[in-house]
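These are my notebook entries on a single structure. I looked up pockets, aromatic pairs and one residue of interest.

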Amino acid sequence: MNETMQNIFNRRSIRNFKSDRLSSEQLQQLAQTALASPTGMNQQSWHFAFVTNQELITKVNDAAFASFKRENQQDIIERMKKRHESIFYGAPLVVFISMPKSNDNLIDAGIAVMNLA
């Protein structure tokens, strides 16, 4: 089995992260990995925000829980609270991927997530 297939089959979901900060070299490597992801017709319409500011990550987490509450998604709230206090599981880095509303090729963002994973 080649290394790529081995990595795919050995992938696991992490639901608790160390608080260790990533080095600038690690962040740079992740950015290069994200930017290397292919896009339809090479549009590259995605935007990556690498957020390490824990205060901002907490604000986004709180806004997500407020949205779940507003949308009466109590089941999601309860499931998340059983797992961790944050939807980001205490990660020291969160990568937000955004695209213009006008872009109907959202698969490009999914491919970028796959590259990062």
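**Entry 1: second largest pocket.** I sorted the lining of the second largest pocket by residue class and obtained six nonpolar, one polar and two charged residues. I note that the model is predicted. The lining consists of Ile14, Asn16, Phe17, Lys18, Asp20, Leu22, Ala91, Pro92 and Leu93. Lys18 and Asp20 are among the lining residues, and Lys and Asp count as charged. For the space inside this second largest pocket I recorded about 250 Å³.

**Entry 2: largest pocket.** I then turned to the largest pocket, for which the computed volume is about 960 Å³. Its lining comprises 21 residues, and those closest to the centre are Phe17, Leu93, Val113, Leu116 and Ala117. I noted Phe17 and Leu93 in this group; Phe17 and Leu93 also appear in the lining of the second largest pocket. By class, the lining of the largest pocket holds 15 nonpolar, four polar and two charged residues.

Which element gives the most to the lining of the largest pocket? I found that α2 does, with four residues. At least two lining residues come from each of α2 (24–35), β2 (94–98) and α5 (107–116).

**Entry 3: aromatic pairs.** My search for paired rings returned three aromatic pairs. One of them joins tryptophan 46 and phenylalanine 48, with 4.9 Å centre to centre and 45° between the planes, and is classed as tilted. Tryptophan 46 and phenylalanine 48 are both buried.

Another pair is formed by phenylalanine 88 and phenylalanine 96; I list this pair as edge-to-face, at 6.0 Å centre to centre and with 85° between the planes. I checked the exposure of each partner. Phenylalanine 88 has a relative accessible area of 16% and is therefore buried, the cut-off being under 20%. Phenylalanine 96 is partly exposed, because its relative accessibility is 27%.

**Entry 4: asparagine 61.** Is asparagine 61 buried or exposed? I recorded a relative accessible area of 6%, so asparagine 61 counts as buried. This residue belongs to helix α3, which spans residues 54–70.

I next looked up what the side chain of asparagine 61 reaches, and found the backbone nitrogen of isoleucine 87 at 2.8 Å. With neighbours within four places in sequence left aside, the contacts of asparagine 61 are Glu85, Ser86, Ile87 and Phe88. Among these contacts is Phe88, which I had already entered as a partner of phenylalanine 96 in the edge-to-face pair.

Methods
Residues are numbered from 1 along each chain as its sequence is written. This is a predicted model: local features need pLDDT of at least 70, side-chain atom pairs count only at pLDDT 80 or more; totals for chains, interfaces and linings use all residues. Side-chain values use heavy atoms; hydrogens and water are left out. Buried means under 20% relative accessible area, exposed over 50%, partly exposed in between (1.4 Å probe, protein chains only). A polar contact is a pair of N or O atoms within 3.5 Å; within protein, one must be able to donate a hydrogen and the other to accept it, and residues adjacent in sequence count only if both atoms are side-chain atoms. Contact means heavy atoms within 4.5 Å. On a 1 Å grid over the protein atoms alone, a cavity is a set of points where a 1.4 Å probe fits but cannot get out, and a pocket is an open set with protein on both sides within 12 Å along at least five of seven lines; lining residues have an atom within 4 Å of a point. Grid points are joined across faces, edges and corners, and a volume is the space filled by probe spheres set on the points. Rings of Phe, Tyr and Trp (its six-membered ring) pair if their centres lie within 6.5 Å; planes under 30 degrees apart count as stacked, over 60 as edge-to-face and the rest as tilted.
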